[in-house]
Amino acid sequence: IISTAIRLARKEEMHESLHRQPHNTMLIHISRYQNWQNTTKKLVLEYVNSLTESLNNDLPSAPTSIYSIFERTWYKYYAYVIENISTYLPDDYEDNFLTKKTFNDVKQLLVEAINGVEVVALNSDSGDTLEYPENKEKKYIAVGGNKLSRGFTLEGLTVNYFTRNTNFADSLLQMGRWFGYRPGYIDCCKLFTTRNNLDKFDLTTATIEELEH
């Protein structure tokens, strides 16, 4: 939600840019089993609905409101990167749209950011689909498994929650689309995974580099 709000804060700046990506997607990949995916979708939808209700009803200035939780999350995961993104990027990396934002800039857009979020489980049992029309901005939280790890395109992928345990290099590399070139929002991208997965991903990519040489 915070990542989407940051992108909304930059929307006017990027409005006429050909590089602007209008869609926002979060990926949750925890299991290849459909029952786990469908259960996760249900729980995430309940949580999104709870957040939506709180954002619409809590007093933004109250110290115990949902807004204070978002503020703590902002300073834990976002503030330093948003303010210092240029130090993380190569010298020849140019992106004029990575403008600095404060929590106050983001705070007023949280309701807009969460409105219209669709939670989908992408498997044959759920019947859910993922569509990105050209004339409408979409916000998805996509819960998936094998269907998502076989070249599925996730437009505006911003947050990736990947805890599935796999020893297969092709699955690791397919799910390793984190996050490439993201004009105007590379500093909004977050990956949440396990140390074990990171070690396996490092080993797989190192092996590929050795084969290339």
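Two helices whose axes meet at 65 to 115 degrees count as roughly perpendicular. In this predicted model, helix 3 (residues 34-57) and helix 4 pack at an angle of about 110 degrees, with 8 Å between their axes. Helix 3 and helix 4 are therefore roughly perpendicular to each other. On the side of helix 3 the contact is made by Leu51, Ser54 and Leu55, and on the side of helix 4 by Ile66, Tyr67 and Phe70. By character, the residues of this contact divide into five nonpolar, one polar and no charged.

Helix 4 also takes part in aromatic pairing. A pair of aromatic rings is described by the distance of the centres and the angle of the planes. The structure holds four aromatic pairs. In one of them, the rings of tryptophan 74 and phenylalanine 103 have centres 6.3 Å apart and planes at 50 degrees, so the pair is tilted. Tryptophan 74 belongs to helix 4 (residues 66-84) and phenylalanine 103 to helix 5 (residues 103-107), so this pair ties together parts that are 29 residues apart in sequence. Tryptophan 74 has a relative accessible area of 1% and is buried. Phenylalanine 103, at 4% relative accessibility, also counts as buried, because the cut-off for buried is under 20%.

Another pair joins tyrosine 77 and phenylalanine 192, whose ring centres are 5.5 Å apart with planes at 80 degrees, so the pair is edge-to-face. Here tyrosine 77 lies in helix 4 and phenylalanine 192 in strand 5 (residues 190-193), so the pair ties together parts that are 115 residues apart in sequence. Tyrosine 77 is partly exposed, with a relative accessible area of 32%. Phenylalanine 192 is partly exposed as well, with a value of 29%.

Trp74 and Phe103 appear again in an aromatic cluster, which they form together with Tyr78. Tyrosine 78 has a charged residue over its face: lysine 190 lies there, at 4.6 Å from the ring centre. Elsewhere, the charged end of arginine 7 sits over the ring of tyrosine 185, at 3.7 Å from its centre.

Arginine 7 leads to helix 1. Eight of the eight residues of helix 1 (residues 2-9) are buried, so the helix is largely enclosed by the rest of the structure. The buried residues are Ile2, Ser3, Thr4, Ala5, Ile6, Arg7, Leu8 and Ala9.

Two residues of helix 1 can be followed further. Leucine 8 is placed in helix 1 and counts as buried at 15% relative accessibility. Residues up to four places away in sequence aside, leucine 8 touches Leu109, Glu112 and Ala113. From leucine 8 to valine 106 the separation is 98 residues in sequence and 8.3 Å in space, C-alpha to C-alpha. Alanine 9 is likewise found in helix 1, and at 19% relative accessibility alanine 9 counts as buried. Its contacts, leaving aside neighbours within four places in sequence, are with Lys101 and Leu109. The C-alpha atoms of alanine 9 and aspartate 58 are separated by 22 Å, with their positions 49 residues apart along the chain.

Arginine 10 lies in the loop between helix 1 and helix 2 (11-14). The residue is buried, with a relative accessible area of 1%. Not counting residues up to four places away in sequence, arginine 10 touches Ile82, Phe97, Leu98, Thr99, Lys101, Gly184, Tyr185, Asp187 and Cys188. Among these contacts is Tyr185, the residue whose ring lies under the charged end of arginine 7.

Two further loop residues complete the walk. Glutamate 94 is found in the loop between helix 4 and helix 5. At 69% relative accessibility, glutamate 94 counts as exposed, since exposed means over 50%. Its C-alpha atom is separated by 9.1 Å from that of proline 183, 89 residues apart along the chain. Phenylalanine 152 has its place in the loop between strand 3 (139-144) and strand 4 (157-162). With 23% relative accessibility, phenylalanine 152 counts as partly exposed. Between the C-alpha atoms of phenylalanine 152 and leucine 130 there are 9.7 Å, and the two residues are 22 residues apart along the chain.

Methods: Residues are numbered from 1 along each chain as its sequence is written. This is a predicted model: local features need pLDDT of at least 70, side-chain atom pairs count only at pLDDT 80 or more; totals for chains, interfaces and linings use all residues. Side-chain values use heavy atoms; hydrogens and water are left out. Rings of Phe, Tyr and Trp (its six-membered ring) pair if their centres lie within 6.5 Å; planes under 30 degrees apart count as stacked, over 60 as edge-to-face and the rest as tilted. Helices (H or I, at least four residues) and strands (E, at least two) are DSSP runs, numbered from the N terminus. Buried means under 20% relative accessible area, exposed over 50%, partly exposed in between (1.4 Å probe, protein chains only). A charge sits over a ring if NZ of Lys or CZ of Arg is within 6 Å of the ring centre and within 35 degrees of the ring normal. Axes are lines fitted to C-alpha atoms, for helices over the stretch in contact, and angles run from 0 to 180 degrees between N-to-C directions. Angles under 35 degrees count as roughly parallel, over 145 as roughly antiparallel, 65 to 115 as roughly perpendicular and the rest as oblique. Contact means heavy atoms within 4.5 Å. Ala, Val, Leu, Ile, Met, Phe, Trp, Tyr, Cys and Pro count as nonpolar, Asp, Glu, Lys and Arg as charged, and the others, Gly among them, as polar.
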